[in-house]
Amino acid sequence: MYIVQTDSTIIKKVTSAGVVSTFIDINAIDSNITTPAAIYFDSQTDKFYVSDQYSGYISVVTSAGTRSRSIPLPNFPSVLGVVVDASGNIYASDYTNSRILKIDTSNTVTTFAGSSQGFAEGTTTNAKFNSPYGITKDTSGNLYVADQGNNKIRKITAAGVVTTLAPTLSSGVAATFNAPTGVTTDANGVLYVTEYYGRKVSNIVFVQP
């Protein structure tokens with residue numbers, strides 16, 4: 001497990017046995033990263049993707065701890081979530097501008113979904129988010145976003161179609177979220193959600209591809 005320390009530029013490594021060590025000082029590798037906010041490891045390329053909360057940069061670092069790419073994003077977004085698809089495209093949650101950005105392998109940045117702050121279902125820029133935070137993917141390439149300002153979990157297909165998940169509790173009552181921030185999926189399609197104000201971790205089972 002790798003942990004970003006938001007009060008420093010140190011990224012910690014925690015082994016399965018619970019041994020903690022310093023993996024890298026990301027600022028020493030990429031001076032554009034001064035306030036790291038999110039980290040994603042791509043097992044296909046054996047690289048880490050680290051976003052900065054304020055500078056609008058994403059840094060790509062090898063498992064050996066050397067910088068591979070440093071990607072500037074337009075309008076200095078606060079990127080609080082990052083994930084990479086099977087083709088090497090990066091998806092970043094732009095908390096400041098309520099958009100999901102796509103960065104291709106040539107570092108070309110486009111808006112994949114979202115437009116202005118609000119709430120709306122739709123395709124690509126017809127959809128709206130409110131301060132999107134964490135972002136993850138499933139094995140079929142769908143994205144899941146913790147839409148913090150709307151207290152919802154949003155799904156984005158590979159075609160850019162944005163919908164809202166409506167999970168229920170085991171009792172059958174509709175599940176609610178209070179400032180969801182972190183999201184991740186496992187190999188079985190189970191989605192895990194952390195909440196900033198709700199102070200709990202929820203799991204949504206059988207997320208369909």
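Which residues line the second largest pocket? In this predicted model, the lining is made up of Pro167, Thr168, Leu169, Ser170, Ala175, Thr176 and Phe177, together with Lys200, Ser202, Asn203, Ile204 and Val205. By residue class, six of these are nonpolar, five are polar and one is charged. The space enclosed in the second largest pocket comes to about 210 Å³.

The largest pocket has a computed volume of about 980 Å³. Its lining comprises 36 residues, and Ile39, Ile135, Gly182, Val183 and Thr184 are the ones that lie nearest the centre. Several strands take part in building this wall: β1 (2-4), β4, β8, β13 (132-137), β17 (180-185) and β18 (191-195) each contribute at least two lining residues. In terms of chemistry, the lining of the largest pocket splits into 19 nonpolar, 14 polar and three charged residues.

Two of the strands in that wall, β17 and β18, are also partners of one another, pairing in the antiparallel sense over five bridges. One of the bridge pairs links Thr185 to Leu191 in β18. Together the two strands make a hairpin with five residues between them, and Gly189, located in the turn, has a positive phi of about 85 degrees. A second hairpin is formed by β6 and β7, with four residues between the strands; here Gly65 adopts a positive phi near 90 degrees. Antiparallel pairing of β6 with β7 (residues 67-72) likewise runs over five bridges, and Tyr57 has Pro72 in β7 as its bridge partner.

It is helpful to turn next to the interior. The largest nonpolar core contains 26 residues, and Ile58, Ile90, Ile103 and Ile156 have the most contacts inside it. Elements giving two or more residues to this core are β4 (36-42), β6 (57-62), β8 (79-84), β9 (90-94), β10 (99-103), β11 (109-113) and β14 (143-147). Of these, β8 gives the most, with four residues. A second core, separate from this one, has nine residues, among them Ile11, Phe23, Phe48 and Val61.

Ile156 offers a detailed view of the packing in the largest core. Apart from neighbours within four places in sequence, Ile156 is in contact with Ile100, Phe112, Ala113, Phe129, Asn142, Leu143, Val145, Val161 and Val162. One of these partners, Val162, also has a role in strand pairing, as the bridge partner of Gly122 in β16. That pair belongs to the antiparallel association of β12 with β16 (residues 161-164), which are joined by two bridges.

The wider setting for β12 and β16 is an open sheet of five strands, ordered β12-β16-β15-β14-β13, with antiparallel pairing. Because β12 (122-123) and β13 stand at the edges with a single partner strand each, one side of each is left without a neighbour in the sheet.

A final site to look at is Thr34, found in the loop between α1 (26-29) and β4. Is Thr34 buried, partly exposed or exposed? With a relative accessible area of 46%, Thr34 is partly exposed, because that value falls between the 20% limit for buried residues and the 50% limit for exposed ones. Leaving out neighbours within four places in sequence, Thr34 is in contact with Thr9, Asn27 and Asp52. The C-alpha atoms of Thr34 and Tyr54 are separated by 8.0 Å, although the two residues are 20 residues apart along the chain.

Note on methods
Residues numbered from 1 in each chain as written. Predicted model: local features only at pLDDT ≥ 70, side-chain atom pairs only at ≥ 80, totals over all residues. Heavy atoms only, no water. Core = buried A, V, L, I, M, F, W, Y, C linked by side-chain atoms within 4.5 Å. Buried < 20%, exposed > 50% of the residue type's maximum accessible area, 1.4 Å probe, protein only. Contact = heavy atoms within 4.5 Å. 1 Å grid on protein atoms, 1.4 Å probe; cavity = no way out; pocket = protein on both sides within 12 Å on 5 of 7 lines; lining within 4 Å. Points joined across faces, edges and corners; volume = space filled by probe spheres on them. Nonpolar A, V, L, I, M, F, W, Y, C, P; charged D, E, K, R; others polar. Pairing = 2+ DSSP bridges.
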